[in-house]
Amino acid sequence: MTLINDILDFSKIEAGKLEIQSVPIDLRDIVERTVEQLAERAQRKGLHILADYHPSVPTAVVGDPIRIRQIVTNLLGNAIKFTQDGDVSVKVTIEAPSPTQDGVQRIKLAVTDTGSGISAEGQAKLFQSFSQVDGRRLAFMAVPVSA
């Protein structure tokens, strides 16, 4: 079902019809459940996987739970896939110490790993629409999350 939903979402993105939800969510729960779902795959490779949720970040926020879960799952999944040993983690922090001009507090979710990394050439291609380092077609989107 998840794969089918992802394919449908890509179709909606391409058609400009994807609607981003703005509903109350428990961000900590979403992040921790996603890490738990991927823990077995990481452990099979001998990797440590963890979530670092900074105490200053509220758990009750407004955002799109489906898109956040998709993005965190994809980023952690790729980190696990391309990391041979060491750690994979997602760190959740407040991006800026005070709200932005629009009054929204930005929350940053950063996935890091001890993998080999991406070449400078690959990095230049990574955030172009509909491209990926290995040449596969992929869409990128930003999902707003606010406290």
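**Group meeting talk: helix packing, core and single residues**

Let me begin with a single residue, Asn78, which is partly exposed, with a relative accessible area of 36%, where buried means under 20% relative accessible area, exposed means over 50%, and partly exposed covers what lies in between, with a 1.4 Å probe and protein chains only. Before I go on, please keep in mind that this is a predicted model, in which local features need pLDDT of at least 70 and side-chain atom pairs count only at pLDDT 80 or more, while totals for chains, interfaces and linings use all residues. Residues are numbered from 1 along each chain as its sequence is written, and side-chain values use heavy atoms, with hydrogens and water left out.

Asn78 belongs to helix H3, where helices (H or I, at least four residues) and strands (E, at least two) are DSSP runs numbered from the N terminus. Between the C-alpha atoms of Asn78 and Val88, which are 10 residues apart in sequence, the distance is 9.9 Å. Ile66 also sits in helix H3, and Ile66 is partly exposed, with a relative accessible area of 40%; its C-alpha atom is 8.6 Å from that of Gln21, although 45 residues separate the two in sequence.

Turning to the chain as a whole, the protein chain has four helices and five strands, and from the N terminus on these elements follow the order α-β-α-β-β-α-β-β-α. Of its 147 residues, 30% count as buried. If we take the contacts with a separation of 6 or more, contact meaning heavy atoms within 4.5 Å, then 72% of them in the protein chain join residues 24 or more positions apart.

How do H2 and H3 cross? Their axes, which are lines fitted to C-alpha atoms, for helices over the stretch in contact, with angles running from 0 to 180 degrees between N-to-C directions, come within 10 Å and cross at roughly 30°. H2 is therefore roughly parallel to H3, given that angles under 35 degrees count as roughly parallel, over 145 as roughly antiparallel, 65 to 115 as roughly perpendicular and the rest as oblique. On the H2 side the contact is made by residues including Leu27, Ile30, Val35 and Arg41, and on the H3 side by residues including Pro65, Ile68, Arg69 and Leu76. Sorted by class, this contact of H2 with H3 holds 10 nonpolar, three polar and two charged residues, with Ala, Val, Leu, Ile, Met, Phe, Trp, Tyr, Cys and Pro counted as nonpolar, Asp, Glu, Lys and Arg as charged, and the others, Gly among them, as polar.

Next, the core. In soluble globular proteins, nonpolar side chains tend to be buried together. A nonpolar core here is a set of buried Ala, Val, Leu, Ile, Met, Phe, Trp, Tyr and Cys residues joined through side-chain atoms within 4.5 Å. The largest nonpolar core has 22 residues, of which Leu27, Ile49, Leu76, Ile80 and Val92 touch the most other members. At least two residues of this core come from each of helix H2 (27-44), strand S2 (47-53), helix H3 (65-82) and strand S4 (86-94), and H2 gives the most, with seven residues.

Strand S4 also carries Ser89, which is buried, with a relative accessible area of 13%. Which residues is Ser89 in contact with, leaving aside its neighbours within four places in sequence? The partners are Leu50, Leu76, Ala110, Val111 and Thr112.

I will finish with two loop residues. Gln105, in the loop between S4 and strand S5 (107-113), is buried, with a relative accessible area of 15%, and its C-alpha atom is separated by 7.5 Å from that of Ile94, 11 residues apart along the chain. Glu19, in the loop between helix H1 (2-15) and strand S1 (23-26), is exposed, with a relative accessible area of 66%. Not counting residues up to four places away in sequence, Glu19 touches Asp64 and Arg67, and the C-alpha atoms of Glu19 and Asp64 are 9.5 Å apart.
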